Amino acid sequence: NNYFILRLYQEKAITQQQFLLKLQSIPSDKWLYFHDIIQKDFPSEYEQKRQLFEPFLTPEFLSTFEDCRKKGLNNHPVALAIRYDDLLQLQSIISSTNLSIEAKVPMSIFERAPLFTTFSKGVRLIEYAAYYGSINCFKFLLMSGAELQDDLFSFAIFGGNYDIIHILEDNHAPISLALRTSICIHQNELT
């Protein structure tokens, strides 16, 4: 977890050498998360990776970088609208950009939710809504035709919103992974 590595380094629980070893064990496209530290403490490594960083270091990115990294937030507008269950904002984004109901939430280096950082094929809008218990966005996406796929029940269990879980049961959503998920995250009342 990048945040864990960052906190260890900031609290001086790992040395510069250990930090550099950790960096070398992660894909270089993930180094953007640490670009400020690399630039300050490891200038030669920064120069070697500079071409990876510079296209992303826009004024907009830099203005929200610290806050997003600290909070672990995906700062993409569609992710924020769903996370905070802002249905009007989600509808506005979908209509103004012609975003598909089956679209995936753009990945973010800041997202700390373990399910999203390991879900390599991406997370659909309805799955993101289920995970965050965003009932209004979830209902809208469902009514707009979002497909009920196998993983959706697992996202709902992580989210813990009983209304969403009952909606999935009523719509006969596939539950093949639901039992395992509820056991893994100790949602005993759902097993």
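This report walks through the packing, one bent helix, the salt bridges and a few loop residues of the structure above. Keep in mind that the model is predicted.

**Two cores**

Start with the nonpolar packing. The largest nonpolar core is made of 33 residues, and L90, L125, F138 and L141 have the most contacts inside it. Six helices each put in at least two residues: α6 (77–83), α7 (87–97), α9 (125–131), α10 (135–143), α11 (152–159) and α12 (162–170). The largest share comes from α9, with six residues. Apart from this core there is another one of 22 residues, with Y9, L23, I37 and F65 among them.

L125 is a handy residue to click on if you want a feel for the first of these cores. Leaving aside neighbours within four places in sequence, L125 is in contact with V78, I82, I94, L99, S100, I101, A103, V105 and L141.

**Helix α5, bend included**

Now for α5, which covers residues 59–71. The helix has 13 residues, so at 1.5 Å a residue it should span 18 Å, and the 19 Å between its end C-alpha atoms agrees with that. Even so, α5 bends by about 50° at F65. That residue is also listed in the core of 22 residues.

Which residues of α5 are buried? They are F61, F65, C68 and R69. In general, residues three or four places apart on an α-helix point the same way, because there are 3.6 residues a turn. The buried residues of α5 pack against α1 (2–10) and α3 (35–41). Right after the helix comes G72, with a positive phi near 70°.

**Salt bridges**

The count of salt bridges comes to ten. Side chains of opposite charge can pair when their charged atoms come close. Here are three of the pairs, with the separation of the N and O atoms and the relative accessible area of each partner:

| Pair | N to O distance | Basic partner | Acidic partner |
|---|---|---|---|
| R69 and D36 | 2.8 Å | R69, 2%, buried | D36, 24%, partly exposed |
| D67 and K71 | 3.3 Å | K71, 48%, partly exposed | D67, 40%, partly exposed |
| K40 and D41 | 3.5 Å | K40, 66%, exposed | D41, 22%, partly exposed |

What does the pair of R69 and D36 tie together? R69 lies in helix α5 and D36 in helix α3, so the bridge links parts that are 33 residues apart in sequence. R69 counts as buried because its relative accessible area, 2%, falls under the 20% cut-off. D36, at 24%, is partly exposed.

The pair of D67 and K71 belongs to α5 itself: the two residues are four apart in that helix, so about one helical turn separates them. Neither end is hidden away, since D67 has a relative accessible area of 40% and is partly exposed, and K71, at 48%, is partly exposed too. Salt bridges with shared partners also join D36, E66 and R69 into one network.

K40 and D41 meet through their side chains in a salt bridge. K40 counts as exposed at 66% relative accessibility, while D41 counts as partly exposed at 22%.

**Loop residues to check**

Most residues other than glycine have a negative phi. Two residues here go the other way. K12 is not a glycine, yet its phi is positive, about 60°. K12 sits in the loop between α1 and α2 (16–24), and at 72% relative accessibility it counts as exposed. D85 is not a glycine either, and its phi is positive at about 55°. You'll find D85 in the loop between α6 and α7.

Is W31 buried or exposed? W31 is in the loop between α2 and α3, but it is buried, with a relative accessible area of 5%. Leaving aside its neighbours within four places in sequence, W31 is in contact with L23, Q24, I26, I38, E45, K49 and F53. Of these contacts, F53 is 22 residues away from W31 along the chain, and the C-alpha atoms of the two are separated by 8.2 Å.

Methods. Residues are numbered from 1 along each chain as its sequence is written. This is a predicted model: local features need pLDDT of at least 70, side-chain atom pairs count only at pLDDT 80 or more; totals for chains, interfaces and linings use all residues. Side-chain values use heavy atoms; hydrogens and water are left out. A nonpolar core is a set of buried Ala, Val, Leu, Ile, Met, Phe, Trp, Tyr and Cys residues joined through side-chain atoms within 4.5 Å. Buried means under 20% relative accessible area, exposed over 50%, partly exposed in between (1.4 Å probe, protein chains only). Contact means heavy atoms within 4.5 Å. The expected span of a helix is 1.5 Å times one less than its number of residues. The bend at a residue is the angle between axes fitted to the seven residues ending there and the seven starting there. A salt bridge is a side-chain nitrogen of Lys or Arg within 4 Å of a carboxyl oxygen of Asp or Glu.
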